[in-house]
Amino acid sequence: MKKVLVVLLVLCLLGGCAAAGYWWYRHTHVFIDDAVYRSDAQVLDLRGQDVSFDHYHKVCQALPDCRVLWDVPFQGGKVASDSKSITITSLTEEDISLLAYFPDLERIDASACTDYAMLEQLCFAWPELEVTYFVDLGGMKYPPDTKVLTLEEGTYDYNTMMENLVYLPQVGTLTLPNTTLTLDQLQEIGLLYGGIQV
């Protein structure tokens with residue numbers, strides 16, 4: 001009889017310990033989808049894992065004081081959320097909005113990107129970012145803050161220049177020495193880009 005009581009007592013103690021352990025675990029962790037995280041985490045590194053936007057938002061909601069590092073789905077790949085620099089070759093409105101997931105981002109190298117209208121939107125939406133890109137005038141490329149242009153004959157394509165010159169908004173003077181452009185073409189430049197002295 002004593003042995004039975006001892007066994008029952010041990011079982012009760014084990015059951016109590018298990019219940020206390022379960023209670024402690026439930027109150028010190030959060031359960032999100034199929035994952036478990038400590039509720040007192042200050043930094044949570046999920047890089048290298050397949051994390052969806054939905055899961056990321058659930059984690060942030062459950063752990064509002066925790067810094068969550070993860071690989072953001074971006075332009076068909078994954079980019080670490082703590083990246084300070086990103087290189088792009090194309091750009092969409094969705095890409096511009098996704099930059100909100102990169103709080104440490106400082107620079108974007110868009111040297112190979114020709115989506116000039118989107119690049120202007122990017123610079124407007126994120127003025128604190130250093131964005132590097134060049135506007136192609138049909139043979140020669142210039143940074144968007146160019147103020148004075150000198151185009152020697154043979155260094156540019158007229159049609160491309162006419163299409164892209166609008167993406168150099170700070171140009172005040174355009175010089176075309178030894179040009180073979182007709183008077184009508186020069187007048188067209190002056191009419192389309194009235195602020196530019198040809």
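Two rings of Phe, Tyr or Trp, the last by its six-membered ring, make a pair if their centres lie within 6.5 Å; planes under 30 degrees apart are stacked, over 60 edge-to-face, and the rest tilted. By that rule, ring pairs join Phe53, Tyr56, Trp70 and Tyr101 into a cluster.

A word on the source. This is a predicted model, where local features need pLDDT of at least 70 and side-chain atom pairs pLDDT 80 or more, while totals for chains, interfaces and linings use all residues. Residues are numbered from 1 along each chain as its sequence is written, and side-chain values use heavy atoms, without hydrogens and water.

The protein has 6 helices and 13 strands, taken as DSSP runs numbered from the N terminus (helices H or I, at least four residues; strands E, at least two). Of its 198 residues, 32% are buried, meaning under 20% relative accessible area with a 1.4 Å probe, protein chains only.

Now the ring pairs. The whole structure holds 7 of them. Phe74 and Phe102 meet edge-to-face, with 5.7 Å between centres and 80° between planes. Phe74 sits in strand S5 and Phe102 in the loop between helix H3 and strand S8, so this pair ties together parts 28 residues apart in sequence. Phe74 and Phe102 are both buried.

Tyr116 and Tyr167 form a tilted pair, at 5.5 Å and 45°. Tyr116 belongs to helix H4, and Tyr167 to the loop between helix H5 and strand S13, 51 residues apart. Both tyrosines, Tyr116 and Tyr167, are buried.

Last, helix H2, residues 53-62: which of its residues are buried? They are His55, Tyr56 and Val59.

Definitions and conventions. Buried means under 20% relative accessible area, exposed over 50%, partly exposed in between (1.4 Å probe, protein chains only).
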